[in-house]
Amino acid sequence: MKLYCLSGHPTLPCNVLKFKSTTIMLDCGLDTTSVLQFLPLPLVHSPRLSKLPGWVSKDGTINLEKELKECAGRVFVDSQPEFCLPEKELLDLSTIDVILISNYHCMMALPYITEHTGFTGTVYATEPTLQIGRLLMEELVNFMERVPKAQSATCWKYKEIQRLLPGPLKDAVEVSTWKRCYSMQDVNSALSKVQLVGYSQKVELFGAVQVTPLSSGYSLGSSNWIIQSHYEKVSYVSGSSLLTTHPQPMDQSSLKNSDVLILTGLTQMPTANPDGMLGDFCSNLAMTIRAGGNVLVPCYSSGVIYDLLECLYQFIENANLGSTPFYFISPVANSSLEFSQIFAEWLCHNKQSKVYLPEPPFPHAELIQTNKLKHYPSIHGDFSSEFRQPCVVFTGHPSLRFGDVVHFMELWGKSSLNTIIFTEPDFSYLDALAPYQPLAMKCVYCPIDTRLNFHQVSKLLKEVQPLHVVCPEQYTQPPPAQSHRSDLMLELQPPPMPYRRCSVLGLPFRRRYERIQLLPELAKSLVPSEIKPGISIATVSAVLQSKDNKHTLQPVPKPPPLPPSKKRKRVVEEPPEVLAPKPLLSGAVPLEAFLAMLHKHGITEVKVEETADGHILHLQAEDTLIQLEEDGTHIVCDDNEPLRTALRDLVLRFLMKL
């Protein structure tokens with residue numbers, strides 16, 4: 001059993017498990033942090049960005065003025081943003097049988113994997129994961145396609161040039177594999193390969209293994225996966241949460257008795273308490289609005305935004321913010337808000353019960369009805385005529401490199417009355433803000449990450465007790481910025497097996513058994529013999545048939561009766577003769593009783609020698625050796641077949657025939 005690691009990002013995993021002749025990809029996360037190296041894509045012409053100076057090396061030998069621009073001491077690529085893909089050279093992607101998706105954030109690289117690689121397998125995901133994943137992909141494609149860039153920067157990627165660039169461009173990894181965004185055609189083709197599954201639904205893969213999704217408690221439809229055969233069990237835990245938020249709670253008990261547990265997707269903010277961050281978010285928002293400023297919240301169009309809107313619903317009345325308009329701007333804003341209301345069976349029990357009242361499970365439905373929350377596909381059209389300030393705007397993309405958020409950064413960045421509040425933990429807020437410096441607006445960092453922290457995961461692993469744990473190497477050491485915090489790492493016995501991008505791990509257990517089915521007619525013919533009290537065994541002669549990874553023992557076919565004919569048929573056509581099996585022997589030959597038996601039969605001169613495995617009897621007069629060992633008896637006798645046969649019969653008297 002082997003694990004191939006195609007991604008170096010611990011919360012955006014992409015691994016491939018080879019298990020019992022099946023090749024299973026576990027998630028295909030897209031590392032979008034690479035876009036931080038690029039200049040933002042403004043929706044309208046930005047004089048500030050267009051006037052940025054090009055970059056030339058200090059000695060003047062490298063001139064990349066057309067590709068690289070300088071801003072506030074940092075160098076950015078002036079091109080369409082590109083993404084760091086999962087590793088494609090480690091194994092042939094066309095050999096992958098199935099892809100298991102754990103949540104909608106971990107499927108953003110799917111079109112790169114399934115399209116133009118020869119992939120012919122099936123993708124398994126829950127319905128909310130598929131539908132919300134489709135929205136996020138559609139939004140990403142929309143953001144890119146509405147601000148196309150003619151030029152493509154490639155010279156800076158050459159290794160001999162990249163190593164001479166200033167950081168962090170110099171330190172960017174795998175830049176040669178970075179790719180532009182896929183098209184909507186690729187998205188539709190990739191998602192057509194998805195087969196929907198429900199929690200605890202068992203799916204057979206080629207008769208070899210069974211995969212089952214379990215609720216992970218992180219987002220709508222998010223799953224952990226069990227991959228098991230009759231005698232082995234692998235658990236894949238990715239993006240899980242024990243906090244009480246809107247999704248169904250995490251199913252922990254089904255993870256017990258795992259041979260191997262693959263652990264990914266822990267919180268990126270182990271020191272930040274989500275409840276405390278929500279409190280900071282609300283208080284900073286209220287402070288800015290009361291001072292007459294605007295609040296910008298860069299966020300994804302699904303996920304944490306549902307919890308933010310629910311928190312604000314309870315907060316705005318108490319804080320006298322009832323007249324403040326809230327705007328949610330995204331190409332998929334309407335679909336996202338509607339989907340969250342219709343996936344009732346995937347919600348926590350509290351929200352499920354509201355559906356039967358009937359009430360909308362999320363309070364943002366009421367905010368929309370009362371016109372406190374308005375949603376728009378973009379800043380063009382209706383929004384520009386209905387826009388009022390001061391206001392709160394939720395929009396994407398959290399990287400601040402594309403989407404409507406770029407326009408608001410240019411619009412509000414020059415005033416210290418305005419505030420930008422970061423809630424998504426995927427991007428460094430300092431790196432996100434770098435191309436907008438110098439910036440007058442206030443910046444507040446309230447990362448809300450509900451995934452498991454190290455304390456919670458240690459407690460979980462004590463309860464489910466897997467034999468072996470496999471995890472990204474980042475989890476086996478403290479964060480570089482807090483090297484003294486040994487509580488921010490996994491300390492287990494035995495130690496976890498770490499992996500990094502492009503590593504191949506041999507998982508530490510071997511398959512020992514295979515299940516075989518006995519046909520009823522064969523079972524009837526068995527004659528058990530009791531060898532010990534309560535233990536019986538039977539010999540079986542049968543034909544083993546293996547088909548679709550299922551093994552069956554069938555009776556040996558009887559040869560058909562020969563037709564009465566005077567002419568002899570050709571030898572080739574005669575059925576093979578089935579010989580009766582020799583009886584199996586069990587038991588041990590007791591030394592004293594055997595010597596007495598030899599004496600009785602006239603063999604008196606016997607020299608006994610003790611060995612590590614038993615005894616050697618030398619019959620001196622007959623010049624014969626008998627080796628008595630625990631698992632066999634050997635008679636060495638030269639040219640005296642009658643004596644050898646007589647001795648064999650004496651040995652057989654002490655053994656049981658089966």
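**View 1. Cys 502, a residue with positive phi, sits in a loop between two strands of this predicted model.** Let us start with how open this residue is: Cys 502 has a relative accessible area of 32% and is partly exposed. That label applies because the value falls between the 20% limit for buried and the 50% limit for exposed. Its backbone deserves a look too, since phi is positive, about 75 degrees, although Cys 502 is not a glycine. On one side of the loop you will find strand 22 (497-499), and on the other strand 23 (504-506).

**View 2. Phe 206 also has a positive phi without being a glycine.** Here the phi angle is about 55 degrees. Follow the chain from strand 10 (203-205) to strand 11 (209-215), and Phe 206 turns up in the loop between them. Is this residue buried or partly exposed? Phe 206 counts as partly exposed, with a relative accessibility of 47%.

**View 3. Gly 167 and Pro 168 are joined by a cis peptide bond.** The omega angle of this bond is about 0 degrees. To find the spot, look in the loop that runs between helix 4 (159-162) and helix 5 (184-191), where Pro 168 has its place.

**View 4. Another cis peptide bond leads from Gln 437 to Pro 438.** In this case omega is near -5 degrees. Pro 438 belongs to the loop with helix 13 (429-433) before it and strand 20 (442-445) after it.

**View 5. Pro 270 touches residues far along the chain.** Which residues does Pro 270 contact, once neighbours within four places in sequence are left aside? They are Phe 454 and Leu 488. A further residue to pick out is Arg 451: 181 residues separate it from Pro 270 along the chain, yet the two C-alpha atoms are 9.1 Å apart. Pro 270 itself is in the loop between strand 14 (260-264) and helix 6 (274-290). With a relative accessibility of 25%, Pro 270 counts as partly exposed.

**View 6. Strands 32 and 33 form an antiparallel hairpin.** Strand 32 covers residues 624-629 and strand 33 covers residues 632-636; five bridges pair them. How many residues connect the two strands? The hairpin passes from strand 32 to strand 33 through two residues. A handy landmark is Glu 629, which stands opposite Gly 632 of strand 33.

**View 7. The whole chain, for orientation, has 17 helices and 34 strands.** Stepping back from the close-ups, the C-alpha atoms fill a box of roughly 115 × 70 × 65 Å along the principal axes. The radius of gyration is 35 Å, whereas a compact globule of 658 residues would have one near 26 Å. Half-and-half is a fair way to remember burial here, as 50% of the 658 residues count as buried. Contacts reach across the sequence: among those between residues at least 6 apart, 70% join residues at least 24 apart. On the outside, the accessible surface comes to about 32,100 Å², and carbon and sulfur atoms account for 52% of that area. As for charge, there are 59 positive and 67 negative side chains, and the centres of these two sets lie 3 Å apart.

Notes
Residues numbered from 1 in each chain as written. Predicted model: local features only at pLDDT ≥ 70, side-chain atom pairs only at ≥ 80, totals over all residues. Heavy atoms only, no water. Helix = DSSP H or I, 4+ residues; strand = E, 2+ residues; numbered from the N terminus. Rg over C-alpha atoms; globule rule 2.2 N^0.38 Å. Buried < 20%, exposed > 50% of the residue type's maximum accessible area, 1.4 Å probe, protein only. Contact = heavy atoms within 4.5 Å. Areas by Shrake-Rupley, 256 points an atom, 1.4 Å probe, with all protein chains shown as cover. Lys, Arg positive; Asp, Glu negative; His and termini not counted. Charge placed at Lys NZ, Arg CZ, Asp CG, Glu CD. Pairing = 2+ DSSP bridges.
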